[in-house]
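I opened the notebook to look up burial, fold order, cysteines and one helix pair. The entries follow in that order.

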Amino acid sequence: MSFSKTIMLRNYDGETFVVDEVVAVEPQTIEHMIEDGCANTSIPLPNITSKILSKVIEHCKKHVETPNSNEKDAKADLKSFDFDFVKADQGTLFDLILAVNYLNIKGLLDLIYQTIADMIKGKTPEEEEEMRRVNAWVFSCFVGVTCLYFKSKKI
Amino acid sequence: MDQQKAINLKVKRPQRNWLDLPSEITANILHRIGVFDIFQNAQKVCTMWREICKDPAMWRVIYVDASFDPNANRAFEEMCKRAVDRSQGQLVDITIVRFRNEEILEYIANRSRQLKRLTIACCDDFSYRIWTKCLVKFPLLEELSLYATNISAEGIETAGRYCSKLKTLKVNQENYRFWDDCIATTIGENLHELRHLELIGNPMMNEGLKMILDGCRHLELLDLRRCLFIRLGGVLGKRCLQEIKCVKLPNDFLEGCPFIYEKDGFYDESDGHYDECYDEYYDEYYDESEVGYDEESEGGSDEEFIYEKDGFYDKSDGYYDESEGGSDE
C-alpha cells in the first residue's frame, strides 16, 4: 500500500480542497509554494472561487491520471476531455483565465487562450465588440465612442 | 422596458469586463487569432485592443500564410511588411508560406537582425541569389526551416559562414527525380555545429550522407525520410544508428512534416503512410544497379531500410519512365 502525500487548498469561499500532491503541483505557483515550505497547513488561494477551483482540480487530475504515452486512444481521450472542459459560458472562461494565470498551469492556459481566440477569429470588429458587450456587465461609454471614432476613420 | 431589464441584470450579476483582463493575457489571446484577423478586425474593436496590437511585443513571432487567398498575394505581402514594421526590430520568429515575391525576404532581412527562427514554405519562385543576399543579415539565426523551396548550395554555404549560431536546419522537399549530393555535401562541409538536421525527400546518395556524418559530429537528430537514393545496409547505416541519437529512416511514417507531404494524392493522414500506389511506382522504376552503393556494404539485409526492387531508370536522360503515372491529382 502506498501513501500519496496530500495538500490542502483553501480558497476565497473558505472551502478546503484536499488533493494528492502529484495533482496539486500541476500548477507551478503551488509547486513553488510547496518548495518554499509554505504548505505546512494549507495553501491559501484567496482569489479563486470554489466553482473555479474545483474545475481546475478536475483538469489537473485528469491530466495527471492519463498515462503520458503516444497511444492514440489516450491522446484522443484527453482531447475529448479538453474539448468538453472549455464548453463553459464566457463568464466562467473569464474567471478561469484569471485563476489559471495566477496558478500558472501552462497546458490549461494554452487551452483556454486558444478557445477564446477561436471565438474571436473570423468575426468583424462589430461582432467582436458585441461579444464583449454581452459579457461585460458594465459597459464603458468611452469604449463605445472610441469604436465609433475608429470606424469613422476606417483604421 | 429593455432598460429596466438591463439595470436588473447589472444589479444581479457580478461585474466582469473583458477589458479588465491584464494586457499580457489579452495580447496572448489576440496573437493567436493571426495576423490577418488582427489587422482586419481585432485592432479596430477598441482603443485598448488597438494599443495592444501596436505593441512590438505582439509581433515578436509572426506567421503569415498567403495560401489563404492565392489571388491576394500582394495584399499578404503588404500585411507581412506591416507586421514586421510593428515588431520594431524585435522580431525573433517568422514563418512565411506561399509568397511569390522574394522581395519579402529581403524586407525581413533588412529589419530583423535579432531573428532566431526563420521558416519558409512553398516559396519556390525565389531566385538563387536571394538566399546568399539575405542569410548574411541573420547573425543570430538558430533555426532555419525550409519546405519546398529552391535554396542553392551557395545559400547553405552562406548560412554556414554567417549564421554561426545555427543549430537546426531543415531542407525538406518533395522527391527529386534524380540524385544530387550538392546540398548534403555543402552541409557536411560548412555546418559543423548542427544538432538537428532534416532532409526529407533529399536526393543525396551515400556519398552525401557520409559527408554529413563526417562533418556534423554533434548531430542529435537526422531525418532521412523519403531519401530515395541512399542505401543504409552495412557500415553507413550502422554509423547512423550508433552516432546519432534519433534517426528517421527513409521508410518511416511521414507524420510531422507540414506543408509538403500533407496534401498530395499519396499521403494518407490517418495512418501516416503513403498509399500503396506510391510504393508500386517506386518499385517499378527504381533500378538499383544505376544508383551509387555504399561501397562498404556487405550486402546485409536491406529489407528493413529501403526498397530493393528492380525496375528501369533511363540513364540517358536522367528520368524515370514517362509512364509513371500514379498521381492522384
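In chain A, I found that 42% of the 155 residues are buried, where buried means under 20% relative accessible area with a 1.4 Å probe and protein chains only. I kept in mind that this is a predicted model, in which local features need pLDDT of at least 70, side-chain atom pairs count only at pLDDT 80 or more, and totals for chains, interfaces and linings use all residues. Residues are numbered from 1 along each chain as its sequence is written, chains are lettered from A in the order in which they are written, and side-chain values use heavy atoms, without hydrogens and water.

I then read the secondary structure of chain A as eight helices and three strands, taken as DSSP runs (helices H or I, at least four residues; strands E, at least two). From the N terminus the order is β-β-α-α-β-α-α-α-α-α-α.

How many disulfides are there over all chains? The count is zero, a disulfide being a pair of cysteine sulfur atoms within 2.5 Å. For B:Cys257 the closest cysteine sulfur, in B:Cys122, is 9.9 Å away, which is too far for a bond. B:Cys257 is buried at 2% relative accessibility.

Last, I looked at helix 10 (residues 206-215) and helix 11 (residues 235-243) of chain B, whose axes, lines fitted to C-alpha atoms over the stretch in contact, come within 11 Å and cross at roughly 30 degrees. Helix 10 of chain B and helix 11 of chain B are therefore roughly parallel (angles under 35 degrees). The contact (heavy atoms within 4.5 Å) includes B:Leu209 and B:Leu213 of helix 10 and B:Leu236 and B:Cys240 of helix 11.

Technical notes
Buried means under 20% relative accessible area, exposed over 50%, partly exposed in between (1.4 Å probe, protein chains only). Axes are lines fitted to C-alpha atoms, for helices over the stretch in contact, and angles run from 0 to 180 degrees between N-to-C directions. Angles under 35 degrees count as roughly parallel, over 145 as roughly antiparallel, 65 to 115 as roughly perpendicular and the rest as oblique.
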